[in-house]
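Colleague: I should like to learn how to read a fold from its coordinates, feature by feature. Could we take one model and work through it together?

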Amino acid sequence: MSLIMSIMLFFSNINPAEALPSLIQKGKASFYSKKFNGRKTAYGERVSAEALEGAHRNLPLNTLVEVTNLDNQRSVIVRINDRGPFAKGRVIDLTVAAAHALGMVSKGIANVSLRVVGKGYAVAMTPSPFTTPVEFQPLLEPVL
């Protein structure tokens, strides 16, 4: 079923954060190198290694996505605030903090599944660009 939804999204103008709140996509994830720390994202924010954020090619900016490492079943919720990854075969780029939470830093790349869980708040309405909605804060605790 998720394959059908992914194909529908690829060939249409459906807004996945609104139309398909539980959209699932599988693929490979990587994380930002240190050279991107401090650079601006497509959303106009600065990349921070400590933030739980990521880059996706198609999902709307400010979408909350649960990323699950399929090798060890660790999960983390990240906010999409950038476009990418631009490496062939990858579905999401993560910050170093998100990669640590998923236990993928030593490998560099992990097989993951993505599930849209909601939409974050607009950056202009929050005191910090890294503020997470209250209802998702318990889910952001690192899995050890």
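Modeller: The discussion below goes from the overall fold to the strand pairing, the salt bridges, the nonpolar core and the backbone. Please keep in mind that this is a predicted model.

Colleague: Let us begin with the inventory. How many helices and strands does the protein chain have, and in what order do they run?

Modeller: There are 3 helices and 6 strands in the protein chain. Read from the N terminus, the order is α-α-β-β-β-β-β-α-β. Of the 144 residues, 42% are buried. The accessible surface amounts to about 8100 Å², and carbon and sulfur atoms account for 59% of that surface.

Colleague: What do the contacts say about sequence separation?

Modeller: Take the contacts between residues at least 6 apart in sequence: 71% of them join residues at least 24 apart.

Colleague: In what order do the strands close into a barrel?

Modeller: The 6 strands close in the order β1-β5-β2-β4-β3-β6, with mixed pairing. Neighbouring strands of this sheet are turned against each other by 45 degrees on average, direction ignored.

Colleague: Which pairs illustrate the mixed pairing?

Modeller: Consider the partners of β2. With β5 (residues 90-94), strand β2 (residues 53-55) pairs in the antiparallel sense over 2 bridges, and A55 has D93 as its bridge partner there. With β4, strand β2 pairs in the parallel sense over 3 bridges, and here E53 stands opposite R79. On β3, L64 has R79 of β4 as its bridge partner; β3 and β4 pair in the antiparallel sense over 5 bridges.

Colleague: R79 recurs in that account. How should one read the charged side chains, and how many salt bridges does the structure hold?

Modeller: One looks for oppositely charged groups in proximity and then asks how far apart in sequence the partners lie and how much solvent reaches them. The structure holds 4 salt bridges. One of them joins R79 to E45, with the closest N and O atoms 3.0 Å apart. This pair links distant parts of the chain, since R79 is in strand β4 (residues 75-82) and E45 is in the loop between β1 (24-31) and β2, 34 residues apart. Another joins E53 to R79, where the closest N and O atoms are 2.9 Å apart. Here too distant parts are linked: E53 in strand β2 and R79 in strand β4 are 26 residues apart. E45, E53 and R79 are thus linked in a network of salt bridges.

Colleague: Are these network residues buried or exposed?

Modeller: R79 and E45 are both buried. R79 is counted as buried because its relative accessible area is 7%, under the 20% cut-off. E53 is buried as well, at 3%. The strand that carries R79 is mostly covered, with 7 of the 8 residues of β4 buried.

Colleague: Which salt bridge has an exposed partner?

Modeller: K107 pairs with D71, and the closest N and O atoms are 3.7 Å apart. K107 lies in the loop between α3 (96-102) and β6 (110-119) and D71 in the loop between β3 (63-69) and β4, so the pair ties together parts 36 residues apart in sequence. K107 counts as exposed at 62% relative accessibility, whereas D71 counts as partly exposed at 48%.

Colleague: How should one approach the nonpolar interior?

Modeller: In soluble globular proteins, nonpolar side chains tend to be buried together. In this model the largest nonpolar core has 21 residues, of which V67, V78, I92, L94 and V112 touch the most other members. At least two residues of this core come from each of β3, β4, β5, α3 and β6. Leaving aside residues up to four places away in sequence, I92 touches several residues, including A55, V67, V78, I80, P85, V112 and L114.

Colleague: Lastly, which backbone details deserve inspection?

Modeller: One checks the peptide bonds and the sign of phi. The peptide bond from G84 to P85 is cis, with omega near -5 degrees; P85 is found in the loop between β4 and β5. N62, although not a glycine, has a positive phi of about 80 degrees and sits in the loop between β2 and β3. Q73 is likewise not a glycine and has a positive phi of about 65 degrees; Q73 belongs to the hairpin of β3 and β4, which has 5 residues between the strands.

Colleague: What is the accessibility of N62 and of Q73?

Modeller: N62 is buried, with a relative accessible area of 3%, while Q73 is exposed, at 55%.

Key: Residues are numbered from 1 along each chain as its sequence is written. This is a predicted model: local features need pLDDT of at least 70, side-chain atom pairs count only at pLDDT 80 or more; totals for chains, interfaces and linings use all residues. Side-chain values use heavy atoms; hydrogens and water are left out. Two strands pair if DSSP finds at least two bridges between them. Helices (H or I, at least four residues) and strands (E, at least two) are DSSP runs, numbered from the N terminus. Axes are lines fitted to C-alpha atoms, for helices over the stretch in contact, and angles run from 0 to 180 degrees between N-to-C directions. Buried means under 20% relative accessible area, exposed over 50%, partly exposed in between (1.4 Å probe, protein chains only). A nonpolar core is a set of buried Ala, Val, Leu, Ile, Met, Phe, Trp, Tyr and Cys residues joined through side-chain atoms within 4.5 Å. Contact means heavy atoms within 4.5 Å. Accessible areas come from the Shrake-Rupley method with a 1.4 Å probe; for residues, only the protein chains shown count as cover.
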